[in-house]
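Thank you all for making time this morning. I would like to walk slowly through one structure, and I will try to explain each term as it comes up.

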Amino acid sequence: MNKEQLHNFILQSTGNESNICQVYAIKNGKTAFDDCWHGFKTEDAMNVNSVTKGIMALLAGIAMDMGYIKNVDQKVMDFFPDYTVKRGEKTIYEVTVRHLLTMTAPYKYKSEPWTKVCTSNDWTLTVLDFLGGRKGITGEFKYATLGIQILAGVIERSTGEKCIDFANKYLFTPLGLSERILHGDSSKEDQFDFFMNKNPRKPEWYSDPQQAVTAGWGLCMSAKEMAVIGELVLNGGMYDGRRIISEEYLSDMLKVHLKLDERMGFMNYGYLWYKPFDDRDVFAAIGDSGNIIYVNKEKNISVGMTGTFKPRIFDRVQFIEGKVLPVI
C-alpha cells in the first residue's frame, strides 16, 4: 500500500477508519505524511478527547521542573488549604499528585458524576467533593476522566496562573503551536455539540464557568500539533534546540507504573500515557474516537491522528503500525 492507496482506504472505509479526519507523521525530524479527510485541512483542530490527559501530564511535569509542584508525591490537599473537607473524611489527605497521574486516586462514586460536575459553577471543587472515601488508598486503577480536573486545579493553585495561560506560555508557544483559547459556553446543549459536532474546531479548550480548562477532555488540536507533541516526547523534552521539559520527568512519565487489565487491552500505564507493548519503546496518549499521539522511539517516528465522534475505537495503535508506518 502506498500513500494514495492509504488515502483511498480511509476514504472508502465503513469501519473504524471511517471517522479519521487527519493523519500527520514526523520521521527523523521531518514531515513524512500529511493527509486529511471529511473536509478537514492540516491546520484544522478537533476535540481530541482524552489525549487531553496526556497534555496535562506534560504540564504537570513542567510545573514540577519549575518548582511549583515539589514532586509527584506531594499531597493534593497542599494545594487546596481553603477547601472544607467533609466530616469524617480522612483518605483525601493522603492522595498525592502521583495518584492523579496514575489514576489510582480513590473516589466516592460507582460511576462518574458527570451531570453534577458539569452543571456546577466550579468543576474542580465539585470533583474534590468526590475524592477520598472510607476504603483508603488501595492503589487500584480507576479510570477517572473527571478526576484529572483536580490536576488542573493543582497547576492553577501552585503557579498562580490559569492552566490555559500556563500551557500557552510554557508548552504550546515554545513548540510553535497556536495559543489555545477558552471555548466559553459550557451549557448542557453546548457540551453535547462539542462532542458530537463533526466540523473542524478552532484551537480552543473547553472550560468551566471559572475559566478552568477541562483537564480530562476538551482540548482541540490538529494531528500535526499532536505529532509535534510526540516529537517533544520522542526527543526527551527538547524541541528545536530548546529544553521544554526535563528528561528526568519524561522518563518517569513513560515508565511502567501499572499493568492494566483486559478492559484496557493489557497495556502498561505511566503518567496518563500508555505503553502498549511490554517489550517495545512505543508510547501513546489515547483518546476516545481514535484520537491519538503515537510515539515510536525505535523508528524515531511520531504520529498524530484525529477523528470525529465514534465510540469504542481501540485499534489505532495497530492501525498506525499496520497501515501508516509502512508508507513512510
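Before the first pair of helices, one definition is needed: an axis here is a line fitted to C-alpha atoms, for helices over the stretch in contact, and the angle between two axes runs from 0 to 180 degrees between their N-to-C directions. Please also keep in mind that what you see is a predicted model.

Let me begin with the helices. Two packed helices are described by the angle between their axes and the distance between the axes. Helix α2, which covers residues 51-65, packs against helix α7, residues 163-172, at an angle of about 80°, and their axes lie 10 Å apart. Angles of 65 to 115 degrees count as roughly perpendicular, and therefore α2 is roughly perpendicular to α7. On the α2 side the contact is made by I55, M56, L59, I62 and A63, while α7 contributes C163, F166, A167, Y170, L171 and F172. If we sort the residues of this contact of α2 with α7 by character, we find 11 nonpolar, no polar and no charged.

Staying with α7, we can ask how many of its residues are buried. Seven of the 10 residues of α7 are buried, so this helix is largely enclosed by the rest of the structure. The buried residues are C163, I164, F166, A167, N168, L171 and F172, and what they pack against is not just α2 but also α6 (149-159), β4 (181-182), β5 (204-205), β6 (220-221) and α9 (223-234).

The aromatic rings come next. A search of the whole structure finds 15 aromatic pairs, and I will show you two of them. In one, the rings of Y107 and Y109 have their centres 5.4 Å apart and their planes at 25°, so the pair is stacked; both Y107 and Y109 are buried. In the other, the rings of F172 and W205 have centres 6.5 Å apart and planes at 70°, so that pair is edge-to-face. Since F172 lies in helix α7 and W205 in strand β5, the pair ties together parts that are 33 residues apart in sequence, and both F172 and W205 are buried. There is also a cluster, in which ring pairs link W123, F194, F195, Y206 and W217.

Now let us turn to the strands, and I will take them in the order in which they pair. Strand β12, residues 282-286, is mostly covered, with four of its five residues buried. This strand pairs with β13, residues 292-296, in the antiparallel sense over five bridges, and within that pairing A285 stands opposite I293 of β13. The hairpin of β12 and β13 has five residues between the strands, and there S289 takes a positive phi near 65°.

What about β13 itself, buried or exposed? Five of the five residues of β13 are buried, so this strand is largely enclosed by the rest of the structure. If you follow the side chains along β13, I292, Y294 and N296 point one way, whereas I293 and V295 point the other way, and all are buried.

From β13 we move on to β14, residues 301-307, and these two strands pair in the antiparallel sense over five bridges, with Y294 standing opposite V303 in β14. The hairpin of β13 and β14 has four residues between the strands, and N300 takes a positive phi near 55° there.

β14 has another partner, for β1 and β14 pair in the antiparallel sense over seven bridges, and V23 stands opposite M305 in β14. Seven of the eight residues of β1, which spans residues 20-27, are buried, so β1 too is largely enclosed by the rest of the structure. Six bridges then join β1 to the antiparallel strand β2, residues 30-36, where I26 stands opposite T31. In the hairpin of β1 and β2, which has two residues between the strands, N28 takes a positive phi near 55°.

I would like to finish with a single loop residue. N199 lies in the loop between α8 (188-196) and β5, and it is partly exposed, with a relative accessible area of 49%. Not counting residues up to four places away in sequence, N199 touches F40 and M46, while its C-alpha atom is separated by 46 Å from that of K90, a residue 109 residues apart from N199 along the chain.

Technical notes:
Residues are numbered from 1 along each chain as its sequence is written. Side-chain values use heavy atoms; hydrogens and water are left out. Angles under 35 degrees count as roughly parallel, over 145 as roughly antiparallel, 65 to 115 as roughly perpendicular and the rest as oblique. Contact means heavy atoms within 4.5 Å. Ala, Val, Leu, Ile, Met, Phe, Trp, Tyr, Cys and Pro count as nonpolar, Asp, Glu, Lys and Arg as charged, and the others, Gly among them, as polar. Buried means under 20% relative accessible area, exposed over 50%, partly exposed in between (1.4 Å probe, protein chains only). Two strands pair if DSSP finds at least two bridges between them. Rings of Phe, Tyr and Trp (its six-membered ring) pair if their centres lie within 6.5 Å; planes under 30 degrees apart count as stacked, over 60 as edge-to-face and the rest as tilted.
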